[in-house]
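Trainee: I am new to this structure and would like to go through it with you. Could we have it on screen first?

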Amino acid sequence: MKKPLKKYKPLVIGLTGGLATGKTTVAGMLARYGAKVIDADAIGHGLLEQGTRVYGAIVRCFGPGVLTADKAIDRRALSQIVFSDKARLQKLNSIIHPEIIRIVKKEIAKVRKGVVVLDAPLLVETGFYRNVDKVVVVTSSQARQIQRLQERLRLSRREILKRIRSQMPLSDKVRVADFVIDNNGTRNDLRKTVTQIRRMWWTS
């Protein structure tokens, strides 16, 4: 009689932080160690494409003013609306987050062994941190966040602060963390810290 095959489960690391604290950079470093990275933001962007249920719900809720001339969702226009109105931000989140979570669960279920890194800015806010094995929070000073966002998005300081303040304070996220990465140093400092995670948690 053949023995049943041993079932392996991946280690699922939830990676989160604040805007422009360096989550994507950390995810890339972990990917080079062989981790399977699931990018919640990328999933969310895909859900905004024409023809999806999320696209239809957003247009019904926010109106044609959030569409470009070719009927695509204008993410900048939508951002300006929701980051100025907490209730409308919550409404947008209620439309898109259940779909992101559904897809994330499917993607995690496809992985049989190794390490999965879920790069999710709202990991703690959505409560999904309870579904991962380890929580890593990437932090940096607000001054660094503002500098990075100004370089990346060319937004005003006022707009950037609206976005930062719309998220849960980093101090609250740190409370549920298994590991905190302080990303106020150099890229080499960051790489050394990520290597610690590799040494602590990798099984192969």
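Trainee: Where do R102 and E99 lie?
Mentor: Please keep in mind that this is a predicted model. Both R102 and E99 belong to helix α5, and three residues, about one turn of the helix, separate them.

Trainee: What do R102 and E99 form?
Mentor: They form a salt bridge, in which the closest N and O atoms are 2.9 Å apart. As general background, an α-helix has 3.6 residues a turn, so residues three or four places apart point the same way.

Trainee: Which other residue forms a salt bridge with E99?
Mentor: That is R53, with 3.2 Å between the closest N and O atoms. This pair joins distant parts of the chain: R53 is in helix α3 (residues 53-62), E99 is in helix α5 (residues 86-109), and they are 46 residues apart. R53, E99 and R102 are thus linked in a network of salt bridges.

Trainee: Within that network, is E99 buried or exposed?
Mentor: E99 is buried, because its relative accessibility is 15% and the cut-off for buried is under 20%. R53, by contrast, is exposed at 60%, and R102 is partly exposed at 37%.

Trainee: How many salt bridges does a search of the whole structure find?
Mentor: It finds five. One of the salt bridges pairs the side chains of E107 and K110, at 2.9 Å from N to O. Here E107 is partly exposed, with 21% relative accessibility, while K110 is exposed, with 56%.

Trainee: Let us change topic. Which residues of helix α2 are buried?
Mentor: In α2, which spans residues 40-47, the buried residues are A40, I43, G44 and L47. They lie on the same side of α2, because they cover an arc of only 100 degrees around the axis.

Trainee: And what covers the buried residues of α2?
Mentor: The cover includes the strands β2 (36-39) and β3 (115-119), as well as α3 and α5.

Trainee: What caps the N-terminal end of α2?
Mentor: D39 does: one of its side-chain oxygens is 3.0 Å from the backbone nitrogen of D41.

Trainee: Now the interior. How many residues has the largest nonpolar core?
Mentor: It has 35 residues, and those with the most contacts inside it are I58, F62, L78, V104, L118 and L123. At least two residues of this core come from each of α2, α3, α4 (75-82), α5, β3 and β4 (134-139). The most are given by α5, which supplies seven. In soluble globular proteins generally, nonpolar side chains tend to be buried together.

Trainee: What is I58 in contact with, leaving aside its neighbours within four places in sequence?
Mentor: I58 contacts L48, G63, V66, I73, L78, L92 and I95. Apart from this core lies another, of 19 residues, which include I13, L30, V115 and L190.

Trainee: One last residue, please. Where is N183 found?
Mentor: N183 is in the loop that runs between β5 (179-182) and α9 (187-201).

Trainee: Is N183 buried or exposed, given that it sits in a loop?
Mentor: N183 counts as buried, because its relative accessibility is 7%. Its side chain reaches the backbone oxygen of T21 at 2.7 Å. Not counting residues up to four places away in sequence, N183 touches T21, G22, V138, T139, S140, R144, R148 and L190.

Conventions: Residues numbered from 1 in each chain as written. Predicted model: local features only at pLDDT ≥ 70, side-chain atom pairs only at ≥ 80, totals over all residues. Heavy atoms only, no water. Helix = DSSP H or I, 4+ residues; strand = E, 2+ residues; numbered from the N terminus. Buried < 20%, exposed > 50% of the residue type's maximum accessible area, 1.4 Å probe, protein only. Polar contact = N/O pair within 3.5 Å; in protein donor to acceptor, adjacent residues only side chain to side chain. Contact = heavy atoms within 4.5 Å. Salt bridge = Lys/Arg side-chain N within 4 Å of Asp/Glu carboxyl O. Arc of directions from axis to C-beta. Core = buried A, V, L, I, M, F, W, Y, C linked by side-chain atoms within 4.5 Å.
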